[in-house]
Amino acid sequence: MEDFLDSLNPPQREAAETTDGAVLILAGAGSGKTRVITHRAAQLIKLGVSPFNILCITFTNKAAREMKERVEALTPSGSQIWVSTFHSLCVRILRREIAKIGYDKSFTIYDADDSERLMKRTLKELNVSDKLFPPRSVMSAVSALKDELVPPQVYEKRAALNAREGVVARVYALYQKRLQENNALDFDDLIFKTVELFLSRPDALNAHQERFRYIMVDEYQDTNTAQYTLVRLLSKKYGNLCVVGDDDQSIYAWRGANIRNILDFEKDYPDAKIVKLEQNYRSTRTILSAANAVISRNASRKDKRLWSEGGAGQPVVVWQGSNEREEAEYVADTIEKHRRQQDWRFADFAVLYRTNSQSRAIEDGFVRRGVPYRVYGGTRFYDRKEIRDVAAYLRAVYNPADSVSLRRIINTPRRGIGDASLERVEEYAAESGVPLIDALADAGRILGSPAKASKILAFVAMMDRLRDLSNELSVSDFIRHLLGMTGYAAELEAQNTDEARDRLDNIDEFIGKAVEFERSADTPLLSAFLEEVALVADIDAYEAGADAVSLMTLHSAKGLEFPAVFITGFEDGLFPSYRAQTSGDVKDLEEERRLCYVGITRAKSELYLTMAVERSRNGQTTYNLPSCFLKEIPSDFIKRVYGKKMSAPMTDDFDNEIEIPPAKHQIGEFRQKIAIGNKPAGFGGRSYIMQGTPAPADNLGFSVGDKVRALKYGVGEVAAIAPAGADYEVTVVFPAAGEKKFMAGLSKLKKVD
DNA sequence: GCGCGAGGAGTTTTT
DNA sequence: CTCCTCGCGC
């Protein structure tokens, strides 16, 4: 009988069949990782493991959804396995068990913005200058501590804290106290508190160990210490842990991901079985070679080399133009050209960039050219002010202790409650340990004047009514009522501006999401909806359905693939980022290089690296050199294209590009001229200006019978030239090496006289 | 308490 | 360039 594992290649099959014990699957980009995980899950079920006992942890909700669907397609009971992200897994555990560690199960999840607000207030309360201690940076320090599972009490007592760290310790302690009083958890807490639960309550741990007898973790290279510990705890009893990852795709060190988790897996699990998946099914050999060439420059990595049975495909196109406007137009024009000449769809293309702000120029260009696109990531839908406001109402209703949400909406829309009286009530609440909402209800006494308190009391009464209402209505109906009762919709309508109409539209969309949620959720409770709002990223909404070009950061692109990929802004100071390039720590540059590797390997058949000499950043014009990663790609794989006003590269950084004929001597002159003036702030001080000579002609510069020089074989005679797609295949006969075929665009064949 | 305008600070990447 | 804060006058 045919086995469903027959569709796997030998290492894939080995990975899927190794069901017990610790397994590390080193899965290179495009090596069929998801296939292996899903088949492995199906195999477990086939062997008699209850799907109920299988846990699969992914990085994004989208990956989780896809995983679940694919397991289900393999085996009907696959739908019962638990597939979830770290964060939603922890929420589900904590909703049931958090009372054991001193929170109420109706806790609120604070996202980055909420956390920062609370941090700001904490700094203020402790009279710590937010100039010396920017909330953001204290927040990231605290976040890093939580990722490392260091609680405030431990950090405070740590020896050798300097003055600054001492302040951070005090702030951390109070911040955490306030979080708990608000019955709120920040993102990091979700993991941290789950670990805390398991460490302090062996019964809870044991129950979950029994439940999750087989555990799989995707994107293991991106786990931080807290997540690592969580996995370790859960898998300890049965030892059936399968992690899948690729150290070359570790791109979240800045968020606490510890690459050692994957590099040291064999040490942590001495009996672990290691399976390497090195056959790539996604990209052309040219793209793969470029990716391999780049990543091989990283020192600390597991040895592996992706290979493919696919064809060589097209060369990597490296385009350089004058500015980001031209870059956007080049991308748009190239896409249009493909659509005209070949059978491409918009959805076949992705435009990737290092920073979200780069999407702006691309979008402008696409709008001018009429290219449909979708931007993923960036400002999340749920991050818009109006959505946050409405969500804050929902959260304040659901969790009365949540003072961050309460404070956000107490005077939104304006209802005459000012900072002065609010601060007095807050102070009282903080000092006497009373929840803010209770203090507000007591405002008459606290302010010593019923008149001054009247507006506050009206607000409190409204919130009470809303709370009653929330128990009677569906989420979407409740939001509709809320918009009316609070006057929120009326205020926006009264403004009657384009912006206000936009916001109302967004709120409509939000209600639409609530309706959708009610249709699809098992339990359409307000709490579940709020979780979705807190934990769902935009990339999760990625669907291949609509025919539009995808725009997203390189980070967001991980796990996706596209027939054609543009990596834009391929410039020093941007990619790699200025910080990584100048920090002096090679680790930072190595992470950028991995990001580059991730970007390149998203492409199936065509890859474009684009760069502009001049680019506007924060309103300032900067002059950038090509990315240092460019010269790590052998020139054999590259075809160079220049923008209208460009001719030769403006820099000797292209040591893989030596044969641009006319302009070489001019470059030197220009460089001298330019080196004097416009020195862009903070970008290494080197700057260049372009010149006005036309791009090199596209013809080959030789014909059959000519003598040409090839880099590797010396001088030979051209025997034939044949069209090959957009390029030409040139056959050359060499005295020593014999007959060789070249792609004209790839090779550096040059006529000799 | 509110609205407006000036001034300052800040941007890598995100569950 | 853009978001946010602050200070001022009403």
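Two strands count as paired when DSSP finds at least two bridges between them. Keep that in mind for the close-up views below, which show a predicted model.

**View 1. How confident is the predictor in chain A?**
The mean pLDDT of chain A is 86, and 90% of its residues reach 70 or more. One stretch to treat with care is residues 651-698, where the pLDDT is below 50. In the model, this stretch has 87 contacts beyond near neighbours in sequence. Where pLDDT is low, the predicted coordinates should not be read in detail.

**View 2. Strand 14 and its partner strands.**
Start at strand 14, which covers residues 603-617. Strand 9 (residues 316-323) runs parallel to strand 14 and is joined to it by six bridges. To find your place, look for V318, which stands opposite L609 of strand 14. Strand 13 (residues 562-567) is another parallel partner of strand 14, with five bridges between them. Here A564 has E606 of strand 14 as its bridge partner. Strand 15 (residues 620-623) runs antiparallel to strand 14, and four bridges join these two.

**View 3. The hairpin of strands 14 and 15.**
Which residue of strand 15 is the bridge partner of R617? It is Q620. Strand 14 and strand 15 form a hairpin with two residues between them. One to pick out in the turn is N618, with a positive phi of about 45°. Most residues other than glycine have a negative phi. N618 also belongs to the surroundings of DNA strand C, and it is listed among the closest residues to DNA strand B.

**View 4. An open sheet of six strands.**
The strands of this sheet follow the order 3-2-6-7-1-8, and their pairing is parallel. Why do strand 3 (82-85) and strand 8 (273-277) each have one side without a neighbour in the sheet? Both stand at the edges with a single partner strand each, so one side of each is left free of a neighbour. On average, neighbouring strands here are turned by 15° against each other, direction ignored. Strand 1 (residues 23-27) and strand 7 (residues 241-245) are parallel partners with four bridges, and L24 has V243 of strand 7 as its bridge partner.

**View 5. Helices packed on the sheet.**
Helix 1 (residues 10-17) packs on the sheet and touches strand 1 and strand 8. The direction of helix 1 makes about 145° with that of strand 8. Helix 4 (residues 86-97) lies across strand 2 (54-58), strand 3 and strand 6 (214-217). Relative to strand 3, helix 4 runs at about 110°.

**View 6. The protein around DNA strand B.**
DNA strand B is surrounded by 26 residues, and the closest are R255, R354, R414, T553 and N618. Of the atoms of DNA strand B that come within 4 Å of the protein, sugar and phosphate account for 55%. What does the surface near DNA strand B hold, by class? There are seven nonpolar, 12 polar and seven charged residues. Helix 19 (residues 419-432) gives the most to this surface, with three residues. A polar side-chain atom of R414 is 2.6 Å from a phosphate oxygen of the strand, and one of N411 is 3.1 Å from a phosphate oxygen. For H555, the partner is a base oxygen, 3.4 Å from a polar side-chain atom of that residue.

**View 7. The protein around DNA strand C.**
K120, R360, N618 and G619 surround DNA strand C. By class, they divide into no nonpolar, two polar and two charged. An N or O atom in the side chain of K120 lies 3.1 Å from a phosphate oxygen of this strand. R360 places a polar side-chain atom 3.4 Å from a phosphate oxygen.

**View 8. Helix 24 meets helix 25.**
Helix 24 (residues 488-495) packs against helix 25 (residues 498-520) at an angle of about 145°, and their axes are 8 Å apart. Y488, A489, L492, E493 and Q495 of helix 24 meet A500, R503, L504 and I507 of helix 25. The residues of this contact divide into six nonpolar, one polar and two charged.

**View 9. Backbone details in three loops.**
Most peptide bonds are trans. The bond between T412 and P413 is cis, with omega about 0°, and P413 sits in the loop between helix 18 (403-409) and helix 19. From F575 to P576 the bond is also cis, with omega near 5°; P576 is in the loop between strand 13 and helix 27 (578-582). N183 is not a glycine, yet its phi is positive, about 50°. Look for N183 in the loop between helix 8 (163-181) and strand 5 (184-186).

Terms used: Residues are numbered from 1 along each chain as its sequence is written. Chains are lettered from A and ligands numbered from 1 in the order in which they are written. This is a predicted model: local features need pLDDT of at least 70, side-chain atom pairs count only at pLDDT 80 or more; totals for chains, interfaces and linings use all residues. Side-chain values use heavy atoms; hydrogens and water are left out. A residue is near a molecule or strand if one of its heavy atoms lies within 4 Å of it. A polar contact is a pair of N or O atoms within 3.5 Å; within protein, one must be able to donate a hydrogen and the other to accept it, and residues adjacent in sequence count only if both atoms are side-chain atoms. Ala, Val, Leu, Ile, Met, Phe, Trp, Tyr, Cys and Pro count as nonpolar, Asp, Glu, Lys and Arg as charged, and the others, Gly among them, as polar. pLDDT is the predictor's confidence in each residue, from 0 to 100. Contact means heavy atoms within 4.5 Å. Axes are lines fitted to C-alpha atoms, for helices over the stretch in contact, and angles run from 0 to 180 degrees between N-to-C directions.
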